[in-house]
Amino acid sequence: QVQLVESGGGLVQAGGSLRLSCAASGRTFSRYPMGWFRQAPGKEREFVGAISWSDGRTYYINSVKGRFTISRDNAKNTVYLQMNSLKPEDTALYYCATGTEYSASYYLPAVYENGYWGQGTQVTVSS
């Protein structure tokens, strides 16, 4: 059983930055690709990006590419989402999730469907 706790959300003005953290319990963190998702009220959950379990390769959707950066620190059982140049359309509840252990397909949202999920942290970007 893995528990994930997101933190770092808050209210920022457009153009500002936030760094979200996702802290995981357990000894198996390094086995998992890690994904970030977001969901705004009344909208479908959206895959934001992910990082591989093995070599730190990352994937981002086009709307955040160049603005968001995902990283991980396996020694701290933590994955991060650095968000720069935030826009009002980034407003959402942000979740982290584990993918299938050792999966090479870290860039596919499907590998996170049966993983562990955190409760989310709210990001609100004002105009």
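In what order do the 6 strands of the open sheet with mixed pairing stand? The order is E2-E10-E9-E4-E5-E6. Strands (E, at least two residues), like helices (H or I, at least four), are DSSP runs numbered from the N terminus. Two strands pair if DSSP finds at least two bridges between them.

This is a predicted model, in which local features need pLDDT of at least 70 and side-chain atom pairs count only at pLDDT 80 or more, while totals for chains, interfaces and linings use all residues. Residues are numbered from 1 along each chain as its sequence is written, and side-chain values use heavy atoms, with hydrogens and water left out.

**The mixed sheet**

At the edges of the 6-stranded sheet lie E2 and strand E6 (58-60), each of which pairs on one side only. On average, neighbouring strands of this sheet are turned by 25° against each other, direction ignored. For such angles, axes are lines fitted to C-alpha atoms (for helices over the stretch in contact), and the angles run from 0 to 180 degrees between N-to-C directions. Within the sheet, strand E4 (residues 34-39) and strand E9 (residues 92-98) run antiparallel and are joined by 6 bridges. Met34 has Thr98 in E9 as its bridge partner.

Leu11 belongs to the edge strand E2 (residues 10-13). Its C-alpha is 5.9 Å from that of Val125, although the two are 114 residues apart in sequence. Leu11 is also in contact (heavy atoms within 4.5 Å) with Thr124 and Ser126, leaving aside its neighbours within four places in sequence.

**The antiparallel sheet**

A further open sheet has 4 strands in the order E1-E3-E8-E7, with antiparallel pairing. Its edge strands are strand E1 (4-7) and strand E7 (68-73), each pairing on one side only. Here neighbouring strands are turned by 15° against each other on average, direction ignored. E3 and strand E8 (residues 78-83) pair over 6 bridges in the antiparallel sense, and Arg19 stands opposite Gln82 in E8.

**The disulfide**

A disulfide is a covalent bond between the sulfur atoms of two cysteines. It is counted here as a pair of cysteine sulfur atoms within 2.5 Å, and by this rule there is 1 disulfide. The bond joins Cys22 to Cys96, with an S to S distance of 1.9 Å. This pair links distant parts of the chain, since Cys22 is in strand E3 (residues 18-24) and Cys96 is in strand E9, 74 residues apart. The torsion about the S-S bond of Cys22 and Cys96 is about 65°, so the disulfide is right-handed.

**Burial of selected residues**

Residues are called buried under 20% relative accessible area, exposed over 50%, and partly exposed in between (1.4 Å probe, protein chains only).

| Residue | Relative accessible area | Class |
|---|---|---|
| Leu11 | 63% | exposed |
| Cys22 | 0% | buried |
| Cys96 | 0% | buried |
| Asp90 | 1% | buried |

**Asp90**

Asp90 sits in the loop between E8 and E9. What joins the side chains of Asp90 and Arg38? They are joined by a polar contact of 3.0 Å. A polar contact is a pair of N or O atoms within 3.5 Å; within protein, one must be able to donate a hydrogen and the other to accept it, and residues adjacent in sequence count only if both atoms are side-chain atoms. Not counting residues up to four places away in sequence, Asp90 touches Arg38, Arg67, Phe68, Ser85, Val123 and Val125.
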